[in-house]
Amino acid sequence: MTELRRIAEDVWAWVGPGRGWGWSNAGVVGGQGQALLVDTLYDLRLTRELLAEAARVLDGRVITDAVNTHGNGDHCFGNELLAPDVRVHAARESASALHEAPPEHMSALLKADLGPVLTPYMRKSFGPFAFDEITLREPDSLFDGERTLDIGGREVRLRDLGPAHTEADTVAHVPDAGVVFAGDLLFVEATPIMWAGPSSNWIAACDRMIAMDPEVVVPGHGPVTDQDGVLAMRGYLEHAFEHAKAAHARGESVEQAAHGFDTGPYAGWENPERIVITMHALYREIDPASPAVDLLTVFHIMAEWDRVNGEDA
């Protein structure tokens, strides 16, 4: 069982047991008599473990508030397990994203025959999670731009720095602890995913996180880091954008650009096939007339990339 790790005074990080699809991080911030939960997890079993750990470390203090950093299910599908009176905060644009890949959709995909390439990829990536029993609970306290919470006399600043990874990406900054919970604006030792972009916004978000001068940064996926981890994320985004510009100028297709991507100093990051998603977003950034593709098609291209280039190839 994963445990909450103390990263500052009355601040804890939950670090998922893997860095791949769905193994997300979360956090707890304690104040006088109450606490904030940063994100729930991808299914109810994992979220129950998280909440049991939170009860242990909080020692009688109650979770009164939670924040979903964005609308991907691995950061919010466990919301229903929060007490009814818990205020669930999120940036306004996050709410619509909750319905793009709801639990029932994920469950159906795992049961479907998607062909000899995509079926095993989906089951390998998402098979560890149970989606059937989830009832989606949406955030009930939406904000635009930023919101400051008082958590038992402790200030926590919520800032929407998106669109970047998704249409809205919130960070939770705990100034007195020097901690930033970055959500999926930060992946560590894992390949990031740009569902929305543009890359310039994401790079600016990295700069804004660094300007907060944190000592500890908790990514959405991967081990806890510091400002160096944010700089590595920034470097990857610049590297990917430069590759996309060069490939587009050569007339390469998105698929060709993705297959030709040299990870360079970022070799070894988990799930390198996710460059397919990011490359589609980068091509749309370079040329807004670039055709959009549906989610299932993107996943099929990723699965093929993984089949050709993956460790088991």
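**Rings, core and sheet**

Modeller: In this predicted model the count comes to 14 aromatic pairs, where rings of Phe, Tyr and Trp (its six-membered ring) pair if their centres lie within 6.5 Å, and planes under 30 degrees apart count as stacked, over 60 as edge-to-face and the rest as tilted.

Colleague: Why is the pair of Tyr 42 and Phe 126 called edge-to-face?

Modeller: The planes of Tyr 42 and Phe 126 stand at 70° with the ring centres 6.5 Å apart, so the pair is edge-to-face. This pair links distant parts of the chain, 84 residues apart, with Tyr 42 in the loop between β4 (34-38) and α1 (44-58) and Phe 126 in helix α4 (residues 118-126); helices (H or I, at least four residues) and strands (E, at least two) are DSSP runs, numbered from the N terminus.

Colleague: How do you know whether Tyr 42 is buried or exposed, and whether Phe 126 is buried or exposed?

Modeller: Buried means under 20% relative accessible area, exposed over 50% and partly exposed in between (1.4 Å probe, protein chains only). Tyr 42 has a relative accessibility of 7% and therefore counts as buried, and Phe 126, with 3%, is buried too.

Colleague: What makes the pair of Tyr 42 and Phe 129 tilted?

Modeller: The planes of Tyr 42 and Phe 129 make an angle of 55°, with 4.9 Å from centre to centre, and that angle falls in neither of the other two classes, so the pair is tilted. Phe 129 lies in the loop between α4 and β7 (141-143), 87 residues from Tyr 42, and with a relative accessibility of 4% counts as buried. Ring pairs also join Tyr 42, Phe 126 and Phe 129 into a cluster with Trp 21, Trp 23, Phe 77, Phe 131 and Phe 299.

Colleague: What makes a set of residues a nonpolar core, and which residues have the most contacts inside the largest one?

Modeller: A nonpolar core is a set of buried Ala, Val, Leu, Ile, Met, Phe, Trp, Tyr and Cys residues joined through side-chain atoms within 4.5 Å. The largest has 84 residues, and those with the most contacts inside it are Phe 126, Phe 131, Trp 202 and Met 279. Helix α6 (residues 227-249) gives the most to this core, with eight residues. Leaving aside neighbours within four places in sequence, Trp 202 is in contact (heavy atoms within 4.5 Å) with ten partners' worth of surroundings that include Leu 185, Phe 187, Met 233 and Leu 237.Colleague: Why is one side of β8 (146-151) and of β12 (216-221) left without a neighbour in the sheet?

Modeller: The open sheet has five strands in the order β8-β9-β10-β11-β12, with mixed pairing, and two strands pair if DSSP finds at least two bridges between them. β8 and β12 each have a single partner strand, so they stand at the edges and one side of each has no neighbour.

Colleague: How do you know that β11 (residues 179-187) and β12 pair?

Modeller: Five bridges join these parallel strands, and as at least two are required, β11 and β12 therefore pair. Within them, Phe 181 has Val 218 in β12 as its bridge partner.

Colleague: What makes β8 and β9 (residues 154-160) a pair, and in which sense do they run?

Modeller: Six bridges join β8 and β9 in the antiparallel sense, and Leu 149 stands opposite Val 156 in β9. Their hairpin has two residues between the strands, and Gly 152 takes a positive phi near 55° there. β9 also pairs with β10 in the antiparallel sense, over four bridges, with Val 171 in β10 as the bridge partner of Arg 159.

Colleague: Why is β9 called mostly covered?

Modeller: Five of the seven residues of β9 are buried.

Colleague: What makes His 243 buried or exposed?

Modeller: His 243, which lies in helix α6, has a relative accessibility of 15%, which is under the limit, so this residue counts as buried. Not counting residues up to four places away in sequence, His 243 touches Arg 250, Ala 257, Gly 260, Phe 261 and Met 279.

Colleague: Why is Leu 296 called partly exposed?

Modeller: Leu 296 has a relative accessible area of 38%, between the two limits, so the residue is partly exposed. This residue lies in helix α9 (residues 295-309) and touches Leu 109 and Leu 118, not counting residues up to four places away in sequence. The C-alpha atoms of Leu 296 and His 105 are separated by 11 Å, although the two are 191 residues apart along the chain.

Colleague: What limits apply to the values in this predicted model?

Modeller: Local features need pLDDT of at least 70 and side-chain atom pairs count only at pLDDT 80 or more, while totals for chains, interfaces and linings use all residues. Residues are numbered from 1 along each chain as its sequence is written, and side-chain values use heavy atoms, with hydrogens and water left out.

Note on methods: Contact = heavy atoms within 4.5 Å.
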